[in-house]
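Student: Could we go through this fold together, strands and helices to begin with, then the rings?

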Amino acid sequence: MITSIDDLKLFLGISANKYKQYSHFKARVILTAQKELEEKTDIKFTLVEEKTKKKVDRIIFKIIY
């Protein structure tokens, strides 16, 4: 699954102005979800960040189940 940061926030119901820094969004939402999924299910995912210069524009999720 490939998605932009803004589209992912919209899909998750997170307002665009919350977690303005990507690093906060990644730590508090993405990595937390990754950890919980691994602990509670047999679903795992990895992510690859696509950057323009230093800014992360899109995320590629590789889902393993």
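Tutor: Sure. Keep in mind that this is a predicted model. Nine bridges join β2 to β3 (residues 55-64), and the two strands run antiparallel.

Student: Which residue in β3 stands opposite Thr46?

Tutor: Look across the β2-β3 pairing, where the strands are antiparallel. The β3 residue facing Thr46 is Lys62.

Student: What is the strand order in the open sheet?

Tutor: Start from the edges: β1 (2-4) and β2 (44-52) each pair on one side only. From one strand to the next, the twist averages 25°. The three strands pair antiparallel, and their order is β1-β3-β2.

Student: Which strands does helix α2 lie across?

Tutor: Take α1 (residues 5-12) as a warm-up: that helix lies across β1 and β3, at about 90° to β1. Helix α2 (residues 22-40) runs at about 160° to β2. The strands α2 lies across are β2 and β3.

Student: Is the pair of Phe45 and Phe61 stacked or edge-to-face?

Tutor: A search of the whole structure turns up two aromatic pairs. In the pair of Tyr19 and Phe25, the centres are 6.2 Å apart with 55° between the planes, which is tilted. For Phe45 and Phe61, the centres are 5.5 Å apart and the planes sit at 70°; over 60 degrees counts as edge-to-face. So the Phe45-Phe61 pair is edge-to-face.

Student: The charged end of which residue sits over the ring of Phe25?

Tutor: Phe25 is buried, with a relative accessible area of 0%. A charged end sits 5.5 Å from the centre of the Phe25 ring, and that end belongs to Lys9.

Notes. Residues numbered from 1 in each chain as written. Predicted model: local features only at pLDDT ≥ 70, side-chain atom pairs only at ≥ 80, totals over all residues. Heavy atoms only, no water. Pairing = 2+ DSSP bridges. Helix = DSSP H or I, 4+ residues; strand = E, 2+ residues; numbered from the N terminus. Axes fitted to C-alpha atoms, helices over the stretch in contact; angles between N-to-C directions. Contact = heavy atoms within 4.5 Å. Phe/Tyr/Trp six-rings, centres within 6.5 Å; stacked < 30°, edge-to-face > 60°. Buried < 20%, exposed > 50% of the residue type's maximum accessible area, 1.4 Å probe, protein only. Lys NZ or Arg CZ within 6 Å of the ring centre and 35° of its normal.
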